[in-house]
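Hello,

Here is the structure we talked about. Please open it first and then read the notes below it.

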Amino acid sequence: MKFKNNKLGRVLLIALSITSCFSMQSCKDEPDKYESTGGTPTIYYIRPADINSKDSLLVQAGPQFVIAIVGENLRSIKQMFFNDLEAVLNSSYITDNTLIVTTPKNIPSAVNDKITMITHNQDTVYYDFHIVIPGPVVTSMSNEYAKPGNIVTIYGSYFIDDPNIPLQVTLPDGKIITEFTDQTENAITFVMPECTQEGNITVTTIYGKTKSSFHYLDSRGILFDFDTPNAKTGAVLGNHGWHPQKIESDETSLSGNYLRLGDPDVTLAADGAWNDGKFSFEYWPGNWADPETYSGDGVRLTDLADFSDYTNMSYKFEMLVPKANPWAAGAMQIIVGGVTKISNGNAGVKDIDGNVLGGCNNTYFNNDELPRGIYRPWEATGSFDTADEWVTVTIPISEFKYGMSGGSATGSLKASDFTSLTIFVVGGGITGKECNPVIKIDNIRAVPNK
């Protein structure tokens, strides 16, 4: 029995030795393991985290700005606040002498212009530092053609309502709005009053005022409003290709006629199968002339809008998708192509500039070479409608990078490619669910982003 105990003792001793070796090895395997320290932190100075700006010292910064704090005993910091907002500390970016942190993005409720540091010993240390609150940022409007009485929302950030200097919205005609049905730091909702003047919308806060880049009642770069004769030829532009879609007006109209894609009685397959007879709006320039002069309703769209800086432009339009006929499959493909790719006339004919026309066809875009925009608002939730309201849709031309199947396009665009426009709900590479969508579109335009 004693022999067995001795044997057991030796076994336990060996096991303890092995465990000790593993523990020592574990320490050796984590030489840089973060360990907090006691004591009090000291800040010498603060600079931008960007190494290229390391010689610049900071006494203030804006929200979401990455700073490097240089000092001593910084591992003693457990929590850090800018005014009354806590910052996220990442131990991977903390040493005894440097701490890299991003200033909080939200607006403080209480301002003391200090960094407050709570140590692991529960001591509190302060350092003077000012967070600069920007003026409002105005990005978009829910409906740029809203009628009087419509509920509209302005989107952006830093919409601060101060009791001394209240938040306000100024319309193009000078009308000032200070009563809102809802407001957050990122959105302001109000009832649209009477305003017949086109122009920018201005948001004013205690921290400044900002004018929108978009226009209310935007008439810049109008290509199709389906009502008004264009200034160049006197013709109302609309269907100008193989598949005329419904252009109609009713009690849901935004202003006069609108374009309708789809039909309550027409089913769109879950994979967005090809149905250009019901889901493709085509405008191809030309009128079967030889040589082609692009007169009347066959004008080139580049004669109506300046596309020379197209990478800094967007296509915009107002859209209504009824609750009764939601959209749940297929990608809206926004397709352009120059006259050598597509035209309303015979292939091989020359135009007044000597270009050899591509003629009528649907092969120029039916591949992954031609870049186009893709819009799938149903993708996130599985189904999409606009609650029977008109909304403004923005498709940046810089996002024209997809092929027919929804993957990356292999080709590139140039300014002369914007003479035509096809809007076709088809494919796009993502399967949805069978649906009977109705998509109403008005005021198709090409406008600068700024």
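Ile 43 lies in strand E1; helices (H or I, at least four residues) and strands (E, at least two) are DSSP runs, numbered from the N terminus. Ile 43 is buried because its relative accessible area is 11%, where buried means under 20%, exposed over 50%, and partly exposed in between (1.4 Å probe, protein chains only). The C-alpha atom of Ile 43 is separated by 6.6 Å from that of Glu 72, although the two residues are 29 apart along the chain.

This is a predicted model, in which local features need pLDDT of at least 70 and side-chain atom pairs count only at pLDDT 80 or more, while totals for chains, interfaces and linings use all residues. Residues are numbered from 1 along each chain as its sequence is written, and side-chain values use heavy atoms, with hydrogens and water left out.

Strand E1 covers residues 42-48 and also holds Tyr 45. Is Tyr 45 buried or partly exposed? Its relative accessibility is 33%, so Tyr 45 counts as partly exposed. Tyr 45 joins Tyr 44 and Leu 57 in a nonpolar surface patch of about 330 Å². Patches are made of residues with over 30% relative accessible area and no salt bridge; like charges are joined within 9 Å, and nonpolar side chains (Val, Leu, Ile, Met, Phe, Trp, Tyr) within 5 Å. A salt bridge is a side-chain nitrogen of Lys or Arg within 4 Å of a carboxyl oxygen of Asp or Glu. The areas come from the Shrake-Rupley method with a 1.4 Å probe, and for residues only the protein chains shown count as cover.

Next, the sheets. One open sheet of four strands has the order E5-E4-E7-E8, and its pairing is antiparallel. E5 and strand E8 (124-128) are at the edges with a single partner strand each, so one side of each has no neighbour in the sheet. Two strands pair if DSSP finds at least two bridges between them. E4 and E7 run antiparallel and are joined by five bridges; Phe 82 stands opposite Ile 115 in E7. Between E4 and strand E5 (residues 85-86) there are two bridges, again antiparallel, and Phe 81 has Glu 86 in E5 as its bridge partner. The hairpin of E4 and E5 has two residues between the strands, and in it Asn 83 takes a positive phi near 55 degrees.

Another open sheet is formed by four strands in the order E21-E26-E23-E24, with antiparallel pairing. Its edge strands, which pair on one side only, are strand E21 (280-283) and strand E24 (373-375). On average, neighbouring strands of this sheet are turned by 15 degrees against each other, direction ignored; axes are lines fitted to C-alpha atoms, for helices over the stretch in contact, and angles run from 0 to 180 degrees between N-to-C directions. Strand E23 (residues 332-335) runs antiparallel to E24, and three bridges join them. Gln 333 has Ile 374 in E24 as its bridge partner.

The loops hold the remaining items. Thr 103 lies between strand E6 (98-102) and strand E7 (114-119). Thr 103 counts as buried because its relative accessibility is 2%. What does the side chain of Thr 103 reach at 3.0 Å? That partner is the backbone nitrogen of Gln 64. A polar atom of the Thr 103 side chain also lies 2.7 Å from the backbone oxygen of Gly 62. A polar contact is a pair of N or O atoms within 3.5 Å; within protein, one must be able to donate a hydrogen and the other to accept it, and residues adjacent in sequence count only if both atoms are side-chain atoms.

Most residues other than glycine have a negative phi, and most peptide bonds are trans. Asn 73, in the loop between strand E3 (66-72) and strand E4 (77-82), has a positive phi near 60 degrees. Asn 73 counts as buried, at 19% relative accessibility. Asp 388 also has a positive phi, of about 65 degrees, and is found in the loop between E24 and strand E25 (391-396). At 38% relative accessibility, Asp 388 counts as partly exposed. The peptide bond from Asp 290 to Pro 291 is cis, with omega near 0 degrees. Pro 291 is in the loop between E21 and strand E22 (313-320).

Regards
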